[in-house]
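The following paragraphs lead through a protein chain by way of its side-chain contacts, its surface and its backbone. Please keep the sequence and the structure in view while reading.

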Amino acid sequence: MVTDSRKCKRKRTGLLTKIIIMTCVSFGLLSPTVFAEEKGELESVFHVYVDGEHIGKVDDQTIVNKIVDEKIANGQEQFDNYDIAIGEDVSVVPEKVFNPTYNNEKVSDILKNELSVNAKAIELDIADETAGYFKDQDTAEAALQAYQAKYIDEEDLEKLTEEQKQTILEPSDQTEDMKLSVGDSIITDVALSEKVSFSKQKVQPKEVLTVKDGVKLLEKGTLTENTYQVKEGDVLGNIANKYDLTTEELLELNPSLNEDSLLQIDQKVNVTEYEPFVDVIVKEEKKDEKTINYETEIVESDELYKGDEKVKQKGKDGKKVVHYAIEMKNGEATSKEIIDENVMEEPTKEIIIKGTKVISSRGSGELSWPAIGGYVSSHVGMRWGSMHKGMDIAGPSNRSILAADNGVVVSAGWNSGGYGNKIVINHNNGMQTVYAHLASISVQAGQTVEKGSKIGVMGSTGDSTGIHLHFEVYQNGTLQHPAEYF
């Protein structure tokens, strides 16, 4: 029993010793000031990780630091315009162990071969998509400002940017010196259509853009899918050219087509085209002088014949000053609203009198003298051995020839039978009148004429011995003596 009791004590003592040793070892891993019992001192070893992957252990952290520093120095020498950094995430974790193992040469070779040199850059994100990388945020913002300046005068943009720091003034809050004069305009806001943000990144130096390259990139934008509607005369080649595609690329987008396909008008073809990363929205206010067109009022009057008109009051345009609010997208106006109008001069209405009086085509049967004054130089009857069918009127105070009654012109023109220029009027009451030897004719066949209206000018055309009017009258086709109807 005693022996067994001693054995149990020795076992408990041995177990306790092991627990103490394990505890000391564990504590030694955490604290560099702890010493191991009977087995020497703990030593440091350094675990090296690249992008989270363990590549080995070294006995001195300066080995890693030296390689990283040399890589950065060489990169800085090669790309002196950029702030250089190691492209990978390199980390070193120390550990205290007994009898450490490590391979400095292996780790050094891996670091020298695998570590890359990148430039510290600012990523420009537009609508949560990467638009490009720049040396710093100032350069990225300069590219954005240069892009905006393509659609607004740079001086206005710089001025506006300063004003926007204190917020854009509303039109009603503008000071007197900011009020617009006629013909002037003022930019009230410049904005981008999408959210813009910046973040720090490490990229290949060749990916870093200058301001000039950044503007080109923003202008070009990104490819988007679209469709094109075929027009008359289109072929695959010219459609491809419109969208900077080769015919092969266009066919890849349209598997149902081949080089020999015949395109139909209005057929839709898949294409890709570049759309800007972001639109520049410019808001502007402008004052212009505009013409107020005068109105025209028509007044009917039976004092004038139908077809005749006269201006009673001449119209005159007015003037007004219009204050506009204009919104433009990438230089193209998308909306134009009127804020205010101020009439400077009211327009004057034009009043036109239009005749409604209709000339009757039927004569009264009572003829009026067909000339202005004058005398009868020859009557109807035998003359020089032949029948003289008409009355000759000569010596008028005015050579105008007048219609003897209302009627319709049957004929008006040259007559080869000796009458010269001749007019025949049907009075639609059984009577016809004839006017001959005219110097000129003022009416045409089919025209309705009014009694006493001018139809021509007295002359001496045809077989005539002097200037006079040869005037004939017929009743139901029978020659009459004109003197009986005056």
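At 28% relative accessibility, Glu345 counts as partly exposed, because this value falls between the limits of 20% for buried and 50% for exposed residues. The model under discussion is a predicted one. Glu345 is joined to Lys316 by a salt bridge, in which the closest N and O atoms are 3.4 Å apart. Lys316 lies in the loop between β14 (309-313) and β15 (318-329), whereas Glu345 belongs to strand β16 (residues 332-345), so the pair ties together parts that are 29 residues apart in sequence. Lys316 is likewise partly exposed, with a relative accessible area of 47%.

This contact is one of eight salt bridges that the structure holds. Side chains of opposite charge can pair when their charged atoms come close. A further example is formed by the side chains of Glu219 and Lys150, with a distance of 2.7 Å from N to O. This pair links distant parts of the chain: Glu219 sits in helix α6 (residues 211-220) and Lys150 in the loop between α4 (137-149) and α5 (154-164), 69 residues apart. Glu219 is partly exposed at 34% relative accessibility, and Lys150 is partly exposed at 46%.

Arg383 and Asp392 also form a salt bridge, their closest N and O atoms being 3.3 Å apart. Are the two partners buried or exposed to some degree? Arg383 is partly exposed, with a relative accessible area of 27%. Asp392, by contrast, has a relative accessible area of 4% and is therefore buried, the limit being under 20%.

The aromatic residues offer another view of the chain. The structure holds five aromatic pairs. Among them is the pair of Tyr435 and Phe471, which is tilted, with 5.3 Å from centre to centre and 50° between the planes. Tyr435 lies in strand β26 (residues 431-438) and Phe471 in strand β30 (residues 469-475), so their pairing ties together parts that are 36 residues apart in sequence. Both Tyr435 and Phe471 are buried.

These two residues belong to one aromatic cluster, formed by Trp369, Tyr435, Phe471 and Phe486. Phe486 is placed in the segment after β31 (478-480). With a relative accessible area of 38%, Phe486 is partly exposed. Phe486 and Trp369 are 117 residues apart in sequence, yet their C-alpha atoms are 6.9 Å apart in space.

On the surface, Glu248, Glu249, Glu252, Glu259 and Asp260 form a negative patch. One of these residues, Glu249, is found in helix α8 (residues 247-253). Glu249 has a relative accessible area of 36% and is partly exposed; this value satisfies the patch criterion because over 30% is required.

The backbone remains to be considered. Most residues other than glycine have a negative phi. Which angle does Asp51 show, although it is not a glycine? Its phi is positive, at about 50°. Asp51 lies in the loop between β1 (43-50) and β2 (53-58), and it counts as exposed at 53% relative accessibility. Asn476 also has a positive phi, near 50°, in a residue other than glycine. Asn476 is placed in the loop between β30 and β31. At 63% relative accessibility, Asn476 counts as exposed, because the value is over 50%.

Definitions and conventions
Residues are numbered from 1 along each chain as its sequence is written. This is a predicted model: local features need pLDDT of at least 70, side-chain atom pairs count only at pLDDT 80 or more; totals for chains, interfaces and linings use all residues. Side-chain values use heavy atoms; hydrogens and water are left out. Patches are made of residues with over 30% relative accessible area and no salt bridge: like charges are joined within 9 Å, nonpolar side chains (Val, Leu, Ile, Met, Phe, Trp, Tyr) within 5 Å. Accessible areas come from the Shrake-Rupley method with a 1.4 Å probe; for residues, only the protein chains shown count as cover. A salt bridge is a side-chain nitrogen of Lys or Arg within 4 Å of a carboxyl oxygen of Asp or Glu. Lys and Arg count as positive and Asp and Glu as negative; His and the chain ends are not counted. The place of a charge is taken as NZ of Lys, CZ of Arg, CG of Asp or CD of Glu. Helices (H or I, at least four residues) and strands (E, at least two) are DSSP runs, numbered from the N terminus. Buried means under 20% relative accessible area, exposed over 50%, partly exposed in between (1.4 Å probe, protein chains only). Rings of Phe, Tyr and Trp (its six-membered ring) pair if their centres lie within 6.5 Å; planes under 30 degrees apart count as stacked, over 60 as edge-to-face and the rest as tilted.
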